Amino acid sequence: MCGIIGFIGERQAQPILLGCLAKLEYRGYDSCGIALVSDSLKVYKDAVRVEQLAKALPRLDGTVGIGHTRWATHGEPSKINAHPHCDCTGRIAVVHNGIINNYQSLRRQLTSEGHKFASETDTEVIAHLVEKYYQGDLVEAVETALRDVEGSYAIIVLMAGESNLVAARKDSPLIIGIGDRENFIASDVPAILDYTNRVIYLEEGDVVIVTKDEVKVRRDGAKVIRQEHEILWNAEQAQKGGYEHFMLKEIHEQPKVIRATVAEYMAETEPVFDLALADGLISTMLILACGSSYHAALAGKYIVEELVGISARAELASEFNYSTYIPTRTQAIAITQSGETADTLRAIRRLKEAGCRVIVITNVVGSTASRITDRTVYIRAGPEISVAATKSFTAQLMALYWLALSQSKVNIRRLDSLIMGLRQLSGKVQQVLDNEETIVEYANYLSQYDNAFFIGRGVNFPVALEGALKLKEVSYIHAEGYAAGELKHGPFALLSSKTPVIAIVAQDNTREAMLTNIKEVKSRGAPLIALAPEGDEAIEELADQVITMPPLDAIFSPVVNTVALQLLAYYIAKQRGCPIDFPRNLAKSVTVE
Ligand code: BG6
């Protein structure tokens, strides 16, 4: 997820482009750039934040220009990979948000036709395609170029000698801001709210030609009309997409993130994890991480053992770093959203020194973890602003499901149904989000307590840990996650009418045991809320309240259960008036040991 901007008017474009870009940095901030046209095309870009670029830039003339702030997906954050990207003539510049899936084959084709590529990005192919098809009409050249492109895009094209900007969108958002003798093209509303609140939302497949006085929208080569809207939000509200907090926005982004991450793995022609389990050299999988990523790692242990049938261990990186034993014949997987957590980086380096092959699952292209490991598997969660991890957690689970399914030993029919289950997961998560009101109700009830227990078994034990961590992080309630079978070995002593218990029940071989645990909890007078598949009458009878989960294969239940617990933690924290996005004493990434 990147942020793109275009401006055409009578005023100098440079300060306007930089101001708008700064408002889009919540979409990506690892590098940025602008391009303007006065007598010729001028491009300035670097692997810095917008503020630093603004300081470094000379004063540039020009009343038309484009800009970009990046969240790298293809090609590490660097000056050469930053946008805008140009063609061979240096007359055409393109900014892009999205992923071109067939960029490698297009690149090979264009190279064979004599085009020279400067960057590692997928985006640069668009500039060369427009150059290839340009016969004097920029709109036509852009429309023809896009017929060759597969994937998602919001693009803006600027060309020296042309008096307009041409933009298009497919599976990426793009809006037009209507001004007085000036117009804007942007990824999102926050960018332009300082200049106008008159907005047109472009639809899938739209191509738009923008001059300072006119906006023309086309679809499949024909003119179409798009309605203008008046925006009533301020810029900060808009950055949150109208949600009150980034955490809630990021929770609601999960259906899209899950779809994007799974689609990426399914589109890959090369093996995503490239593991050589078949040749028997590997006997153990060691999965290392910290915080929420560790809970994903622990869920990964259960998923790998069930589907691949080899032993898997999940370890806290901070603990692993002080263990003297480094296992042999081990495939190591490190999980880190930021790619910068010091404990995890140290564990990776220790394993590398011991000769282990290490794969990292991360969200940040170009992060340290992606540089020091043998292979990087990206999740496509986009920037996660809220300190409490939400969408990155479920996206990490997608990577672990893919790892397990790609190495799976289950029969073909089971494998087909699991692949189908994975495809349907984003829809199942949407069902949980649609049931938000029920969760708000239970959250208001739970917000009166200062303690809470989360219990689960099997692949939902890590979900109990994650649910407790979310509640701790954002509401400051003292919450504990437990393997349900462990309560009787101590924690029972704490149970009373003041310690609500959230029990996570799945339709798997642990259900009967969970029923027993719920009875034990109830008999000690503790309030009990259960998360359970819809229609489970026994649970409905036993629990004080039930948050019903959509029916799905139990191996996937950690995804829907976690989303429900994220919402529960969010609304409890909201009811208690906590600073949800930036809780005290915490940081999004801890880069010191
Ligand atoms: C903490 C964050 O600092 O680090 C958590 O607050 C996160 O949300 C943990 O889970 C691990 O971070 P990462 O980036 O290595 O997954």
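1. A polar contact here is a pair of N or O atoms within 3.5 Å. By that cut-off, A587 makes one with the ligand: a polar backbone atom of A587 lies 2.8 Å from a ligand oxygen atom. Keep in mind throughout that the model is predicted.

2. The ligand has further backbone partners. Q337 places a backbone N or O atom 2.7 Å from an oxygen atom of the ligand. V387 also takes part, with a polar backbone atom 3.1 Å from a ligand oxygen. On its own, the ligand has 390 Å² of accessible area, and the protein covers 92% of that.

3. Next, the shell. It holds 14 residues, of which S293, T336, Q337, S338 and T341 come nearest to the ligand. Q337 is thus both in that nearest group and a backbone partner of a ligand oxygen. By class, the count is seven polar, five nonpolar and two charged residues. Helix α9, residues 291-307, supplies the largest share of the shell, with three residues.

4. Now the packing. The largest nonpolar core contains 90 residues. Within this core, F273, Y401 and L568 touch the most other members. Helix α19, residues 557-575, gives the core its largest share, twelve residues. Another core lies apart from it, with 28 residues. Its members include L17, I34, I192 and I385.

5. F273 deserves its own point. Beyond its neighbours within four places in sequence, F273 contacts I333, I359, I361, V377, A399, W402 and L403. Two arginines, R357 and R375, are also on that contact list.

6. Which residues does V130 touch beyond four places in sequence? They are I92, L138, A141, V142 and A145. V130 sits in helix α4, residues 124-133. The residue counts as buried because its relative accessibility is 1%, and the cut-off for buried is under 20%. A separation to note: V130 and N81 are 49 residues apart in sequence, and their C-alpha atoms are 19 Å apart.

7. L515 belongs to helix α17, residues 511-522. Is L515 buried or exposed? It is buried, because its relative accessibility is 8%. Leaving out residues up to four places away in sequence, L515 touches A538, I539 and L542. For the pair L515 and I539, the C-alpha distance is 7.1 Å, across 24 residues of sequence.

8. N164 is a loop residue, placed between β7 (153-159) and β8. N164 is nevertheless buried, at a relative accessible area of 12%. Not counting neighbours within four places in sequence, N164 is in contact with I8, L138, I209, V210 and T211. L138 is also on the contact list of V130.

9. Two residues from the segment after α19 can be read side by side. C578 lies in that segment, and so does N585. C578 counts as buried, at 12% relative accessibility. N585 counts as exposed, because its relative accessibility is 75% and the cut-off for exposed is over 50%. C578 is in contact with V474, S475, Y476 and A573, leaving aside neighbours within four places in sequence. From C578 to E203 the C-alpha distance is 38 Å, and the two are 375 residues apart in sequence.

10. Backbone geometry has a few points to check by eye. N585 is not a glycine, yet its phi is positive, about 65°. D171 likewise has a positive phi, near 60°, in a residue other than glycine. D171 is in the loop between β8 (165-170) and β9 (175-178).

11. Where is the cis peptide bond? This bond joins H83 and P84, with omega about 0°. P84 falls in the loop between β4 (64-70) and β5 (85-86).

Methods: Residues are numbered from 1 along each chain as its sequence is written. This is a predicted model: local features need pLDDT of at least 70, side-chain atom pairs count only at pLDDT 80 or more; totals for chains, interfaces and linings use all residues. Side-chain values use heavy atoms; hydrogens and water are left out. A residue is near a molecule or strand if one of its heavy atoms lies within 4 Å of it. A polar contact is a pair of N or O atoms within 3.5 Å; within protein, one must be able to donate a hydrogen and the other to accept it, and residues adjacent in sequence count only if both atoms are side-chain atoms. Accessible areas come from the Shrake-Rupley method with a 1.4 Å probe; for residues, only the protein chains shown count as cover. Helices (H or I, at least four residues) and strands (E, at least two) are DSSP runs, numbered from the N terminus. Ala, Val, Leu, Ile, Met, Phe, Trp, Tyr, Cys and Pro count as nonpolar, Asp, Glu, Lys and Arg as charged, and the others, Gly among them, as polar. A nonpolar core is a set of buried Ala, Val, Leu, Ile, Met, Phe, Trp, Tyr and Cys residues joined through side-chain atoms within 4.5 Å. Buried means under 20% relative accessible area, exposed over 50%, partly exposed in between (1.4 Å probe, protein chains only). Contact means heavy atoms within 4.5 Å.
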